[in-house]
Amino acid sequence: MTIPRRSWRGTGALVAAAVVGLTGGVISAGPAVAHTPTWAVTCSEVTVDLTNYTSDVPNTVTVSVDGKDLLPTETFGREFHKKLALPDHDKPVTVRLVVKDADGDGKHSIDQTKTAEVCEEEPTPPPTEPAPSKTPSTETPEPSATPSDEPSESAPAVPAPSPSSPDLAETGSSSTTPVIGGAAVAVLLAGGGILWAVRKRRTAQG
């Protein structure tokens, strides 16, 4: 059985319409999942990752902490990736992310807030005791006793020279030499005086 040519044309039109319908469905579903904003907050930092945005429009992103700008308004295109350090805080703070989608009616813009808790302080390790030094001591030992200026009673006495021992021969002059010389002169004078007196007596008797 041969199908008329007119029927073929009708079948082709139906197939084309089905393809267009499917394509349109895919195209219309695309923008719903295109924009992917992701951000995370810890006690010390904020991480922002924005992907699949329209690249030829001025999208903007802003991050603030308790109403103060942490990231002033910045323009981006298709993607934006940033890691921001939070200021020191001793109580929880509120972090706000504002993303404005400049494509179409801006239905993918977001305005969200998260809380950054206080970071727990790490415990301080206990102080370590210093290891004992292996260097030998340089202290000088104290003397056992102070030496005395007085001679010890147990020291042997120096023996005195014996009176009976012969005197050593003198090889030079002695301190007694002038005395001996003077005595000799006195003896000579006395002898001369005696001789003179004898002679005078003989002369008187004669």
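Select strand β3 (residues 59–65) together with strand β6 (residues 93–100), and you will see two strands that run antiparallel and are joined by 6 bridges. Strands and helices here are DSSP runs, with E over at least two residues for a strand and H or I over at least four for a helix, numbered from the N terminus; two strands are said to pair if DSSP finds at least two bridges between them. The model is a predicted one, in which local features need pLDDT of at least 70 and side-chain atom pairs count only at pLDDT 80 or more, while totals for chains, interfaces and linings use all residues. Residues are numbered from 1 along each chain as its sequence is written, and side-chain values use heavy atoms, with hydrogens and water left out.

**Along β3 and β6**

Two residue pairs let you follow this pairing: V65 has V95 as its bridge partner in β6, and T60 has K100 as its bridge partner in that strand. Stay on T60, which lies in β3, and ask whether it is buried or exposed. With a relative accessible area of 17%, T60 is buried, where buried means under 20% relative accessible area, exposed over 50%, and partly exposed in between, with a 1.4 Å probe and protein chains only. If you now display the surroundings of T60, leaving out residues up to four places away in sequence, the residues it touches are T73, E74, T75, F76, V98, V99 and K100; contact means heavy atoms within 4.5 Å.

**Outward to β7**

Add strand β7 (residues 110–116), which is joined to β6 by 7 bridges and runs antiparallel to that strand. Here V98 has D111 as its bridge partner in β7. T113 also lies in β7 and, with a relative accessible area of 51%, is exposed. Apart from neighbours within four places in sequence, T113 is in contact with W39, T94, V95 and R96. A C-alpha to C-alpha distance from T113 to V41 comes to 9.7 Å, although the two residues are 72 apart in sequence.

Colouring the whole assembly of strands shows an open sheet of 4 strands in the order β4-β3-β6-β7, with antiparallel pairing. At its edges are β4 (68–76) and β7, each of which pairs on one side only. From one strand to the next the twist averages 10°, the axes being lines fitted to C-alpha atoms (for helices over the stretch in contact) and the angles running from 0 to 180 degrees between N-to-C directions.

**The other sheet**

Next select β1, β2 and β5, which form an open sheet of 3 strands in the order β1-β2-β5, again with antiparallel pairing. Because β1 (36–41) and β5 (80–85) stand at the edges with a single partner strand each, one side of each is left without a neighbour in the sheet. The twist in this sheet averages 5° from one strand to the next. Within it, β2 (residues 45–51) pairs with β5 in the antiparallel sense over 6 bridges, and V48 can be found opposite K82 in β5.

**The nonpolar core**

Which residues touch the most other members of the largest nonpolar core? They are V46 and V95, in a core of 20 residues; such a core is a set of buried Ala, Val, Leu, Ile, Met, Phe, Trp, Tyr and Cys residues joined through side-chain atoms within 4.5 Å. Each of β1, β2, β3, β4, β5, β6 and β7 supplies at least two residues of this core, and the largest share, 4 residues, comes from β6. Centre the view on V46 and, beyond four places in sequence, its contacts include W39, V41, V63, L70, L84 and V95.

**The disulfide**

Now show C43 and C119 as sticks: they form a disulfide with sulfur atoms 2.0 Å apart, a disulfide being a pair of cysteine sulfur atoms within 2.5 Å. C43 lies in the loop between β1 and β2 and C119 in the loop between β7 and α2 (177–205), so the pair ties together parts that are 76 residues apart in sequence. The torsion about the S-S bond is about 100°, so this disulfide is right-handed. C43 counts as partly exposed at 27% relative accessibility, as does C119 at 32%.

**Colouring by confidence**

Finally, colour by pLDDT, the predictor's confidence in each residue, from 0 to 100. The protein chain averages 72, and 55% of the residues score at least 70. Over residues 6–10 the pLDDT is below 50, and this stretch has 1 contact in the model beyond near neighbours in sequence. Over residues 165–170 the pLDDT stays under 50, and the model has 0 contacts for them beyond four places in sequence.
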